[in-house]
Every structure is written in structure tokens, then in C-alpha cells.
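Biologist: I have not looked at this one before, so could you walk me through it slowly? Please start with the whole and then go to the details.

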Amino acid sequence: MRENKSSFTERLTLLNDTKVKQSLTGIRHGVERESLRINPDGGLAQTPHQTALGSALTHEYITTDFSESLLEFITPPEESIDKTIGQLTDVHKYVVENIGDERLWSMSMPCFVESEDTIPIANYGLSNVGRMKTLYRVGLKNRYGSMMQAISGVHFNFSLPEEFWQTWLPNLGEAANKDTISAAYFALIRNYRRYCWIIPYLYGASPALCGSFIKGKETSLDFKKLGKGTYYLPYATSLRMSDLGYTNSAQSGLNICYNQVDTYIESLRKAISQPSEDYQQFSGKKHGHYQQLNSNVLQIENELYSPIRPKQPTHSLEKPTDALDERGVSYIEVRALDVNPYSEIGIERNQFYFLDVFLLYCVTKPSAFFDPNLYQETENNLSEVVNRGRDPSLKLSQNGQIIALSEWALTLFSELAEVALTLDQANNTEQYGVAVEVEKQKVLDPSLTPSARILKTLLDKDIDNGTFGLALADDYKTQLMETEYRYMNTEELSIHAEQSIQKQQLIEQQDLQSFDDFLRNYFESTDDLVEA
């Protein structure tokens, strides 16, 4: 694309074009926040998904992730940051009002878990689609273990309005259509991967974990012990994003291509049809039940672990790659955010403003295609930062050149400030510039990062990660109970819950084929047949 040939300065000038700048008020966001339900003593809740929360299969705002105990709160795409925060707070309030004496765990790494078998797999009912969702999770348990799947995160969804693309792309010499918009989103994704090491540095909040998480695991990491059973790395930012956390080393050889939407789809489809010798052991049925959807490297597209995903809303039973192929990229999903333990909803207002700046910067900055070496460089940089991002001697690799993290970060922030100014002018505010300046202080003083603040609290008070997390969970339950609803209320959310249960029942009643036939038909197009 021609856009890659122009400089950041030239593209920044185009960003300040009157029509382009005006369109920036239409940026939309959505949040998906995960949180474990815990008992008052800090242990993992064993209760089923509460009826008052509705059907995890069909509820718009409240569902479950891997486990029946792992809740996920979802907000619809909105232009207003205040509205998204308000909606997310309303859903949290409703949940804590309807889970009895249970609390919401306030951190990314799990609370104390007795064993993997005490992590209940999510149940989505008796319909074929519900059983498929549960079976996918059974496959995840068999492949990676349940402990890794009990990790929580925050996903930040971001899209630019159609009006932006209709002006921005022609200014770059490109017609605005499905293909060029998708290509521009993939340019954003490549730049995000180049610079996303800054995300765990700024927002990583998992420098420590409960010993139950690594019990029986081999690791080359030099953990230090704290209290009764907490393990930490002195300079770690996000153990959630480390090899111990939510990653999949078996996927390292997949070579997913982020240069173009077509090559991305092609490489991802190849991955979901590529047999795995490791997973062959779970083929077929055991005691009359399937152990996974199939024995390929990826059961389905969603199994690909990535710090960012291109997204297009899917129709019922539509595969994500088919949706991308048919309708292009609609938005991107940032997946590198730890749960923010200093917020009752897992994310703070300042993060919204900063992420808007950062992602628009990734659109504005020229974005060359990756070759295998440059792609691996992004992976290595991210790995270094999650394990020892606050180490003052840490060096990263920038296009093959060694550079100190702090030096690169300060250069990055100088350019981010220019994009923030554009957003401030577009929205008649100063919040974007303030957000960038606040985050810049963490580069100048690493003790301001969440990971450093958490470790300081644990070490100064000589307390375990679990004690710290439980105290926050108690405080946030009280705080949310006392908060007033802003955009939704108890009656409205109760109706949503009842309607979601009715939707699930209808889906179950309308099933006309066996589960075996359902799975066979679903995977027919990719030859991903479940072994009988």
C-alpha cells in the first residue's frame, strides 16, 4: 500500500485534516472484563452460574469464559467513554448483588485453587451449540490444563468510524472499501505488535502469583518466595502474559501472517486443519464423551492466543475467518491488558484515553510488512518486558538494533503526545494529553507502575498475593453495592436475564440433529471432523 511509503510527520499532517479530525469523535469502544467468583475466604466458588445472572449462552452483558466460576462482563460499542464505564459499573453492581456472599476476584492471576479438578468447566446447556462451547473448553483443559484457563484479563475493543476511513484513505491515495479498510486495520495490528511491549510495562499487574498456580510445573524463571505461598519476579510486569500464563508454546510454529487479511485468514485456516501429534492422544471418545473438538493444533480460531485480534461480528455458527473474508475487519480487540486491581471494574478511565491515543498512533505511524525475523523480534520484546520490564538494564531490539527500554519508550511518548493533541482538539478536551503525560511518568519512575506498586505492598506488609486480592475484593463488593445505577438498573438487567434463559430454552427446543451430526456439519468446510 502507498500509505507505508509516507513518513509519520506527513501522515500526522493528514490526521489533522479538518474532516479527518472531525471524524475522530466517532471512535467507539467496548470492554470485556473477566473475573473469578470467589468465596468469602478467597477460595474459588464452586457454585453454578447463578440463575439471576441469566443464561451464559445468550446474555448480552454477562457470560462465562472457561469456567463456570469465571465471569465475563461485556459492554456494547459506544462512542462515550463515560457511558462505557457506567455500563460496565452497572453490570458489576448487578452481579455482586446477585451472587450472595461471593466476591469478584480483583486480579488477573487466580486465587488459591486446590487442584485443577476444582475448576468447574462452563456449562452452556443442552443445545448443540451450548454443548460445543463446553466441549471446546474440555479440549482446552486436556491440552493446557485448567489452571491456565482460570487467568483473567481485560479485552479492549476499538473501532474507527466509517467517516474516518472515507476521508483518511483517499488522502493516502487509496479508495475506501472493505479491502483497504481491512488493510489499514492490519497496518494498525502490525504496529501494535511492534510497540505492544509498552502495554504490560504500563498496565501489567501480575508480578506475583499463588504457589498453587505453579505447583508441579517446570519453569526456568527464578522465582522468589513471599509469605506462605506467593511467588514473584522482582522486575516482572505481567506473569499473565508470560510462558506461565495465557500463552500457547505449541502455537509458536504456526507462522500466522499479519501482513494482509487474506494471508492472515489463509494461515489461520491452515492452523485449524493442521493435525497435532501431541493432541492425538485426546482423539475419540472416553467413557462415551468427546475429549476435544478435534486433534488439530487449534480446535477453532478462538484458540489462537494473540495480544490483538482483527474482528468482525459473526452470525450464528459463522466461523470468524469466514466473517473476515466476507465482510472485512470491523474492529480490533486488544488482549494484552491485565485486570487493573486498583479499579472495581478492572480498568480505569485514564486507560481508555491512553489506548485511544496509542491505537490511533498505530494507524498513523507507517507500518511495513513483517518478515519472520521482525515478527519474532516483537515476540521477544514482549516476553522480555512481561518477565523483567522494570529492570533498569533491560534492552530491547528495534529493527535489529539494541536499545534501552526507557530510551525507546520516551521517543514513543514524544510521538504519542502529537496524536493526543489531535484527539484533544477533535474532542474539545485535554484528557488525551493528560493521559499520555500520566503514563509517561511511569517510564520516568518505574515505581509508579501497577506491578511495582503491588510488589511494594506485598513486600512492605509481608502479605500474600491472596490476602491482598481478597481485601480488594471485599472493598469492591461494598463499594459496588453502594454505587448508584447510571445506565441500567436491577429491573432492566433482571429482564435481560429472564429473556436470555428463554432464548436458551428456545435454541434447545429447535435442535433437530444429533450432537455428532451437528459437529460433523460444522467442521465440514475445513475437514476438521471430530474423531468418533
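**Surface, folds and cavities**

Modeller: The accessible surface of the protein comes to about 21900 Å², and 47% of this belongs to carbon and sulfur atoms. Such areas come from the Shrake-Rupley method with a 1.4 Å probe, and for residues only the protein chains shown count as cover. This is a predicted model, in which local features need pLDDT of at least 70 and side-chain atom pairs count only at pLDDT 80 or more, while totals for chains, interfaces and linings use all residues. Residues are numbered from 1 along each chain as its sequence is written, and side-chain values use heavy atoms, with hydrogens and water left out.

Biologist: What radius of gyration does the protein have, and why does that agree with a compact globule?

Modeller: The protein has a radius of gyration of 23 Å, which agrees with a compact globule because one with 532 residues would have a value near 24 Å. The radius is taken over C-alpha atoms, and the globule rule is 2.2 Å times the number of residues to the power 0.38. Along the principal axes, the C-alpha atoms fill a box of roughly 65 × 55 × 50 Å.

Biologist: How many helices and strands are there, then?

Modeller: The protein has 19 helices and 14 strands, where helices (H or I, at least four residues) and strands (E, at least two) are DSSP runs numbered from the N terminus.

Biologist: And what percentage of the residues is buried?

Modeller: Buried residues make up 58% of the 532 residues, with buried meaning under 20% relative accessible area, exposed over 50% and partly exposed in between (1.4 Å probe, protein chains only). Among contacts between residues at least 6 apart in sequence, 77% join residues at least 24 apart, a contact being heavy atoms within 4.5 Å.

Biologist: Switching topic, how many cavities does a search of the whole structure find?

Modeller: The search finds three cavities of 30 Å³ or more, and about 70 Å³ of space lies in the largest cavity. On a 1 Å grid over the protein atoms alone, a cavity is a set of points where a 1.4 Å probe fits but cannot get out, and lining residues have an atom within 4 Å of a point. Grid points are joined across faces, edges and corners, and a volume is the space filled by probe spheres set on the points.

Biologist: Which residues line the largest one?

Modeller: The lining of the largest cavity includes Arg33, Trp105, Glu344, Tyr476 and Lys477, and its largest share, four residues, comes from helix 17 (residues 465-482). By class, this lining has six nonpolar, two polar and three charged residues; Ala, Val, Leu, Ile, Met, Phe, Trp, Tyr, Cys and Pro count as nonpolar, Asp, Glu, Lys and Arg as charged, and the others, Gly among them, as polar.

Biologist: Can we go to helix 10 now? Which of its residues are buried, and what covers them?

Modeller: In helix 10 (residues 261-271), the buried residues are Val261, Tyr264, Ile265, Ser267, Leu268 and Ala271. Their cover includes helix 7 (178-195), strand 11 (308-311) and helix 11 (320-327).

Biologist: Is Glu266 buried or exposed?

Modeller: Glu266, which is placed in helix 10, counts as exposed because its relative accessibility is 57%. The C-alpha atoms of Glu266 and Asp325 are separated by 9.9 Å, with their positions 59 residues apart along the chain.

Biologist: What about Asp325, where does that lie and what is it in contact with?

Modeller: Asp325 lies in helix 11 and is partly exposed, with a relative accessible area of 37%. Leaving aside its neighbours within four places in sequence, Asp325 is in contact with Lys178, Ile265 and Arg269.

Biologist: Any loop residues I should look at, say Asn255 or Leu317, and where are they found?

Modeller: Asn255 is found in the loop between strand 8 (230-232) and helix 10, and Leu317 in the loop between strand 11 and helix 11. Phi is near 55 degrees for Asn255 and near 65 degrees for Leu317, each a positive value in a residue other than glycine. Most residues other than glycine have a negative phi. Asn255 is exposed, with a relative accessible area of 62%, whereas Leu317 counts as partly exposed at 43%.

Terms used:
On a 1 Å grid over the protein atoms alone, a cavity is a set of points where a 1.4 Å probe fits but cannot get out, and a pocket is an open set with protein on both sides within 12 Å along at least five of seven lines; lining residues have an atom within 4 Å of a point.
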